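Student: Could you take me through one part of this model closely, namely the salt bridges and the strands and helices around them? I would like a connected account rather than a list.

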Amino acid sequence: MERGDWPRAGLSRIVSLYLPFWPTDRARKRPGAPAPDAPLALAGRAGRRRVVLSVDLAARRAGLRPGTPVTKARALYPDLTVLEADPQGDRDGLEALALWLQRRIAPIVATDPPDGIVLDTSGADHLHGGEAAMLAAMVARLRESGMSARVAVADTLGAAHALVRHGRARMVVVPPGEGGAAMADLPVAGLRLPDDIVEGLRALGVSRIGALAGMPRAPLALRFGPEVARRLDQAFGRVGEAIVPVRPVDPVAVSRNFAEPIGAAETIARMIGALVPPLCRMLEERGQGARCLDLLLHRVDSRAEAIRVATARPVRDAGRLARLLCEKIETIDPGFGIERMVLTAVRAEPMGARQALSLLGETEEADISGLIDVLANRVGAGALYRLAPVESDIPERSLRRVPALAPDEARDWPDHWPRPARLLPRPEPVQAMAELPDQPPVFFIWRGVRRTVRCADGPERVFGEWWKEDGELTTARDYFRVEDMGGERFWLYRAGDGEHGETGSQGWFVHGIFG
């Protein structure tokens, strides 16, 4: 395949994650931290003065701002709790969060100190249901962990950084090619310029990025130096900006630099074949096998392409890992050439020696992990799973998705009542007529089809799990197995006990279909 025949991967898509109250969110997890609704400030030294370095949302709403002397803050806000700042802990925590996102979202993730994270999600958003769904899931997961976040995705790091910190929306998805228009009304501080340059531009009456972008470059360079033009070019995508991803502590990695840039698919495949064996030898020395590999390809224009493959079990078979990586070569856009390749085992697990067959008549257990790896890397790991039982009386909670080769658990499926072969994703309401309080329906109408019940078995009463949900303290369901005149069998339930309104709506639902 020649370079001109390469499928284009499209523009880069950069996500900027902003944690406006990151230091105080972390501080609330310390012993002795105040209640979530109580104002909190972190203090430290600025020169010889002890000042407030960061505040939470409650303190900001009360009017407190960073830079205020601690004595003045205590006098103005008697209910304020002041804790010591931990800048090194904040940096370590931010890197740990970046590593967590790297394992779940995209292989190229970098910290943006002191309160941000950058992700290159080019080609990875479809694994999470699209960019909007991916961003919403990230914000929701962080909120569940007690952290408030803002997030934006755009073609460049500069555009995403400006939008997430100076835009009004908490979640922004900028369509490809529209980053310049989205930034036009944002303040020039969003370009990551030094404070003295921002103040100088304001003195000239230039406060918005759009106005600054339309000014002649020569006078700006003469007065402020090359920094303004560089930041504008980065934000508008005229100049590449490298993202240096975080890495786990002491990962197993191999790299190769090229005297001349490479771009042909055959050449990249050959280089992958040269990188994988030494990586496997290093894993063998540690007694480990790879579970997740990242291949970073650094282009001559300072951009980076990435390939990620994962395995169901620890693997250090060089041929198998090379095949998995080579299957994704077609997703790479080499641009004007690749000058460096880095292969890293971002996740490795212990892997011991395997016992060979000792008896001639012994049958070797079939190993389907290779097939699982091929399928999972083609359709996405989340699309390949099996179901495992969960200890719950509520049918939709009695199972969960687990990896295809996850070890079997000791729990068994409930067998005191038959369960349908197909459980619907969610119960579907039906129109039904039944004699209360405990008789099965005489007929029901589901999806526009009226079905007369020939025979039925039940009820099986299932109570709500009040220890999990307060709203299920009094709820109940009565399940019936019913068979219609055509011989089809369904699993229906009535929401409630048929007598008391607090137990449910008394409406009927189809929840499953028997084979």
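**Salt bridges and their surroundings**

Tutor: At a relative accessibility of 16%, Arg 477 counts as buried, because the limit for that word is under 20%. Please keep in mind throughout that the model is predicted. The side chain of Arg 477 meets that of Glu 396 in a salt bridge, with a distance of 3.0 Å from N to O. This pair links distant parts of the chain, since Arg 477 belongs to strand 18 (residues 476-484), whereas Glu 396 sits in the loop between strand 13 (385-389) and strand 14 (399-403), 81 residues apart. Unlike the buried Arg 477, Glu 396 is partly exposed, with a relative accessible area of 31%.

The general idea is that side chains of opposite charge can pair when their charged atoms come close. Over the whole structure, a search finds 32 salt bridges, and a second one worth following joins the side chains of Arg 447 and Glu 428 at 2.7 Å, N to O. Here Arg 447 lies in the loop between strand 16 (441-446) and strand 17 (449-463), while Glu 428 lies in strand 15 (residues 422-434), so the pair ties together parts that are 19 residues apart in sequence. Arg 447 is exposed, at 55% relative accessibility, and Glu 428 is partly exposed, at 21%. Elsewhere, salt bridges that share partners join Arg 192, Glu 227, Arg 230, Arg 231 and Glu 241 into one network.

To see what surrounds Arg 447 and Glu 428, it helps to follow the strands in order. Strand 15, which holds Glu 428, is joined to strand 16 by a hairpin through six residues, and these two strands pair in the antiparallel sense over four bridges. Within that pairing, Gln 431 stands opposite Ile 445 of strand 16. On strand 17, the residue opposite Ile 445 is Arg 450, and strand 16 and strand 17 also pair in the antiparallel sense over four bridges. Two residues separate strand 16 from strand 17 in their hairpin, and Arg 447, in the turn, has a positive phi of about 55°. Arg 447 is thus both a turn residue and the salt-bridge partner of Glu 428.

A third salt bridge leads to another region, with the side chains of Arg 26 and Asp 90 meeting at 2.6 Å, N to O. Arg 26 lies in helix 1 (residues 22-27) and Asp 90 in helix 4, so the pair ties together parts that are 64 residues apart in sequence. Asp 90 is buried, with a relative accessible area of 10%, whereas Arg 26 is partly exposed, at 26%.

Helix 4 is best understood together with the sheet beside it. Five strands form an open sheet in the order 5-6-1-7-8, and the pairing is mixed. Strand 5 (108-112) and strand 8 (171-173) are the edge strands, each pairing on one side only, and from one strand to the next the twist averages 15°. Strand 1 (residues 14-18) and strand 7 (residues 150-154) run antiparallel and are joined by five bridges, with Ala 154 in strand 7 being the bridge partner of Ile 14. Helix 4 (residues 87-104) packs on this sheet, touching strand 1, strand 5 and strand 6 (116-120), and its direction makes about 160° with that of strand 5. Helix 5 (residues 131-144) packs on the sheet as well, touching strand 1, strand 6, strand 7 and strand 8, with a direction that makes about 160° with that of strand 8.

Helix 4 also contains Arg 103, which is exposed, with a relative accessible area of 51%. From C-alpha to C-alpha, Arg 103 and Glu 469 are 31 Å apart in space, and in sequence they are 366 residues apart.

As a contrast to these charged side chains, consider a nonpolar patch on the surface, formed by Ile 368, Leu 371 and Leu 375, which together have about 260 Å² of accessible area. Ile 368 is placed in the loop between strand 12 (338-350) and helix 14 (369-379), and is partly exposed, with a relative accessible area of 44%.

Conventions
Residues are numbered from 1 along each chain as its sequence is written. This is a predicted model: local features need pLDDT of at least 70, side-chain atom pairs count only at pLDDT 80 or more; totals for chains, interfaces and linings use all residues. Side-chain values use heavy atoms; hydrogens and water are left out. Patches are made of residues with over 30% relative accessible area and no salt bridge: like charges are joined within 9 Å, nonpolar side chains (Val, Leu, Ile, Met, Phe, Trp, Tyr) within 5 Å. Accessible areas come from the Shrake-Rupley method with a 1.4 Å probe; for residues, only the protein chains shown count as cover. A salt bridge is a side-chain nitrogen of Lys or Arg within 4 Å of a carboxyl oxygen of Asp or Glu. Buried means under 20% relative accessible area, exposed over 50%, partly exposed in between (1.4 Å probe, protein chains only). Two strands pair if DSSP finds at least two bridges between them. Axes are lines fitted to C-alpha atoms, for helices over the stretch in contact, and angles run from 0 to 180 degrees between N-to-C directions. Contact means heavy atoms within 4.5 Å.
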